[in-house]
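These are review notes for a colleague at the bench, to be read alongside the coordinates. Please keep the model open while going through the points.

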Amino acid sequence: MLGSLYFLLLACLIPFLPLSLWFFDLIAHFQSYYFVLSLLLFSVAALLWCKKTRRKNRILQQFLGVSLLALLLSGASLAPYMPRPQKAVDNADAPILRLMQVNVFKFNRKHDVLLHFIHKYKPDLITIAEATPEWRDALKELTAAKDGWPYMIDQAKPGSNGMLVLSRYEFTQQESLYPATDTHPAILFRITVNGRDILIASLHPLSPVSKMRFKHRDSYMDGVAASLQQAQDGPVIVAGDMNMTMYTPSYKSFLRKTGLRNARNGRGLYPTWPVYVPLPTRFKTENLMIPHLLRIPIDHVFYKGDIRLLEFTALPAIGSDHLATLTRFSVP
């Protein structure tokens, strides 16, 4: 029992370690799980401790101390993202830039659901991961629609490595990088809003389900960081399914190198994946929904520069295994 408790403590400690290892990365993502489990274990240990009026058991003492330390560490990982009051934004009349970020899931055929939310929320930019040619064809109507999204960067491909960007703003510059492999691009482009040149990156690195894919994901993020460091000063927005949570050393290294901030800070965890678990077809039923707590936040929007964050939120399900996110910026 104590061995399992010390393993829990190690998992809670990983976000604060300077090294990035594959196995540590896999178990670091679930800090919300660890917080709830640590709180439960500490509560039970504290209750038993209070009832022991004679001799304090050494094992119980260790149990109490270790569970408290795990609770504090996991709580410290979650604390920066807990909702808190936000300061009023200066220059409330400044133009608003709305960004929708979504992994549509390559097997998802519910094109009409995403189209509905695009028309409902009217984002100025839409970055799309796992964009297949079928998804590109379904969304092409947006480029021709009146008051639509006439500008598109088309990197749609079969499988999970295709990407699309749709925009109301003309691209003043665009580039597709392949920082780690020749399959997963990072799309960098610029738009001008209210006279400001804004650099935007749409990302989708490999998921770290093996040591090799873990190395490729980190190489991908390091390559993007190097490109952003070479960019001229000015506002920067980075969005995408990054296959990492805020609790991994790799994530913290990327933000440290780029100076970016997470749009979740002070606004909520907004876990985005997985939305569901497919059931065997013999059950003849729709997908089984996982409670909110069981999801993890791997879809992100980062930003820096002279733009003001107004809102970050997750949107309702669109038939994908990810929730889409909507972010609003004020561009003074």
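1. A pair of aromatic residues in one helix makes a convenient start. F117 and Y121 both belong to helix 5, residues 111–121, and because they are four residues apart there, about one helical turn separates them (helices are DSSP runs of H or I with at least four residues, strands are runs of E with at least two, and both are numbered from the N terminus). The model is a predicted one, in which local features need pLDDT of at least 70 and side-chain atom pairs count only at pLDDT 80 or more, while totals for chains, interfaces and linings use all residues. Residues are numbered from 1 along each chain as its sequence is written, and side-chain values use heavy atoms, with hydrogens and water left out.

2. The aromatic pairs come to a count of nine (centres of Phe, Tyr or six-membered Trp rings within 6.5 Å; planes under 30 degrees apart are stacked, over 60 edge-to-face, the rest tilted). For F117 and Y121, the ring centres lie 5.9 Å apart and the planes meet at 20°, so this pair is classed as stacked. The two partners do not share one accessibility class: F117 is buried, having a relative accessible area of 9%, whereas Y121, with 24%, is partly exposed (buried is under 20% relative accessible area, exposed over 50%, partly exposed in between, for a 1.4 Å probe and protein chains only).

3. Another pair is formed by Y251 and F302, whose ring centres are 5.8 Å apart and whose planes stand at 65°, so the arrangement is edge-to-face. This pair links distant parts of the chain, since Y251 is in helix 9 and F302 is in strand 12, residues 299–304, with their positions 51 residues apart in sequence. Both partners should be read as interior residues in the sense given above: Y251 is buried at a relative accessible area of 3%, and F302 is buried at 1%. Elsewhere, Y151, F171 and F189 are linked into a cluster by ring pairs.

4. Two basic side chains are placed over aromatic rings (NZ of Lys or CZ of Arg within 6 Å of the ring centre and within 35 degrees of the ring normal). R168 lies over the face of W149 at 4.1 Å from the ring centre, and K252 lies over the face of F16 at 5.0 Å from the ring centre.

5. Helix 8, residues 211–230, packs with helix 9, residues 249–258, at an angle of about 10° and with the axes 9 Å apart. Helix 8 and helix 9 are therefore roughly parallel to each other (angles under 35 degrees count as such, over 145 as roughly antiparallel, 65 to 115 as roughly perpendicular, the rest as oblique; axes are lines fitted to C-alpha atoms over the stretch in contact, with angles from 0 to 180 degrees between N-to-C directions). On the helix 8 side the residues that meet helix 9 include F214, R217, D218 and M221, and on the helix 9 side they meet S250, F254, K257 and T258.

6. S38 deserves a look at its surroundings. This serine sits in helix 3, residues 31–51, and is buried with a relative accessible area of 0%. Apart from neighbours within four places in sequence, S38 is in contact with L8, C12, S67, A70, L71 and S74 (contact means heavy atoms within 4.5 Å). For orientation, S38 and L310 are 272 residues apart in sequence and 34 Å apart in space, C-alpha to C-alpha.

7. The loop between strand 9 (261–262) and strand 10 (276–277) should be inspected with care, beginning with T272, which is found there. T272 is buried at 0% relative accessible area, and among the residues that T272 touches, not counting those up to four places away in sequence, are R264, R295, P297, D299, D321, H322 and T325. P274 also lies in this loop, where W273 and P274 are joined by a cis peptide bond with omega of about -5°. Y270, in the loop as well, has a positive phi of about 45° although it is not a glycine, and Y270 counts as partly exposed at 26%.

8. F105 is another residue other than glycine with a positive phi, which is near 75°. F105 is placed in the loop between strand 1 (96–103) and helix 5, and is buried at a relative accessible area of 19%.

9. Finally, H184 is found in the loop between strand 5 (173–177) and strand 6 (186–193), where H184 is buried with a relative accessible area of 8%. Leaving out residues up to four places away in sequence, H184 touches N161, L177, Y178, P179, H204, P205, L206 and Y220. H184 and H216 are 32 residues apart in sequence, and their C-alpha atoms are 9.9 Å apart in space.
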